[in-house]
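Let's take a walk through this fold together. Have the model open beside you and follow along.

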Amino acid sequence: MEVNYIGHACFVIRFNTGLTVCFDPYKSGSVPGLSDANACADEVFCSHSHADHADYESVREPFDRYTGEAPQIEVIKSFHDECEGAKRGRNNITKVTSGGETVVHMGDIGCDLTSEQIEIIKGCDLLMIPVGGFFTIDCKQANELVKLIDPKVVIPMHYRSKKFGYDMISGREEFVELIGNDGDREIVSRKGIVDELPEVKSLLLMEPLRIF
């Protein structure tokens, strides 16, 4: 599996089957410090309609379209806040399985999950989860969810650094510290593209491809 971290909450995943999937492409200029997503994929999934997650129309089709077996897709309905959507609306968690590989994109999750929802995504190969708080769950909440979901590899997203992101959200540092203190995962740092997931249970730290 190849993972491309475009930036913010946008990823392009290429499964070993050849299927490419884009999650949460952002509109041009919607995320400070990031250039246009400029993504290309067979399938596109947007967790909700906010501009920094829903530029579906900008994603181009690959030159060599995937023609293999259709992926298994499960969408779990959740909320963008802790008030059942009263503040920011609904959020979709998307689970995609292709060729035995399963990835889960949490979107802008802002609420707790039920035990039934946890069971659907538990043990996935790759989990992409927001950690920045304010609009979503924060580092501590994300860490608790990771413990429940227990993915093989987890990538933090929707955070701020010195170069990109919204001023009101936090960085990923506390999340990294919490994971590191647990001692259950190897911490692996990579640039914007990973050709294969780490073999061991990991926290994968990636730098966005689209930093100005």
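We start with the overall build, then visit some strands, a helix, a loop residue and the cysteines.

A word on ground rules: this is a predicted model, where local features need pLDDT of at least 70, side-chain atom pairs count only at pLDDT 80 or more, and totals for chains, interfaces and linings use all residues. Residues are numbered from 1 along each chain as its sequence is written, and side-chain values use heavy atoms, with hydrogens and water left out.

The protein's secondary structure comes to three helices and 12 strands; these are DSSP runs numbered from the N terminus, with helices being H or I of at least four residues and strands E of at least two. Along the principal axes, the C-alpha atoms fill a box of roughly 40 × 35 × 30 Å. The radius of gyration is 16 Å, which agrees with the value near 17 Å for a compact globule of 212 residues; that radius is taken over C-alpha atoms, and the globule rule is 2.2 Å times the number of residues to the power 0.38. Of the 212 residues, 55% count as buried, where buried means under 20% relative accessible area, exposed over 50%, and partly exposed in between (1.4 Å probe, protein chains only). Contacts (heavy atoms within 4.5 Å) tell a story too: among those with a separation of 6 or more, 57% come from residues 24 or more positions apart.

Now go to the N-terminal strands. Strand E1 (residues 2-7) pairs with E2 in the antiparallel sense over five bridges; pairing here requires at least two DSSP bridges between two strands. One of the partnerships is Asn-4 with Val-12 in E2. The hairpin of E1 and E2 has two residues between the strands, and His-8 takes a positive phi near 60° there. E2 also runs antiparallel to strand E3 (residues 20-23), joined by four bridges, with Arg-14 partnered by Thr-20 in E3. This hairpin has five residues between the strands, and Gly-18 has a positive phi near 105°. E2 (residues 10-14) is itself mostly covered, with four of its five residues buried.

Next, helix H3 (residues 173-182). Its buried residues are Phe-175, Val-176 and Ile-179. Why do they sit on the same side of H3? Because they cover an arc of only 100° around the axis, judged by the directions from the helix axis to the C-beta atoms. Their cover includes strands E8 (126-130), E9 (153-157), E10 (186-190) and E12 (202-206), along with helix H2 (139-149). Turned away from the buried side is a face with the exposed residues Glu-173, Glu-177 and Asn-181. Just after H3, Gly-183 takes a positive phi of about 75°.

Asp-125 lies in the loop between helix H1 (115-121) and E8, and at 23% relative accessibility it counts as partly exposed. Leaving aside neighbours within four places in sequence, its contacts include Gly-100, Lys-152 and Leu-197.

Finally, the cysteines. How many disulfides does a search of the whole structure find? Zero, a disulfide being a pair of cysteine sulfur atoms within 2.5 Å. For Cys-40, the closest cysteine sulfur is that of Cys-22, and at 9.4 Å it is too far for a bond. Cys-46 is in no disulfide either, its nearest cysteine sulfur, in Cys-22, being 7.4 Å away. Cys-40 counts as partly exposed at 28% relative accessibility, and Cys-46 does so at 23%.
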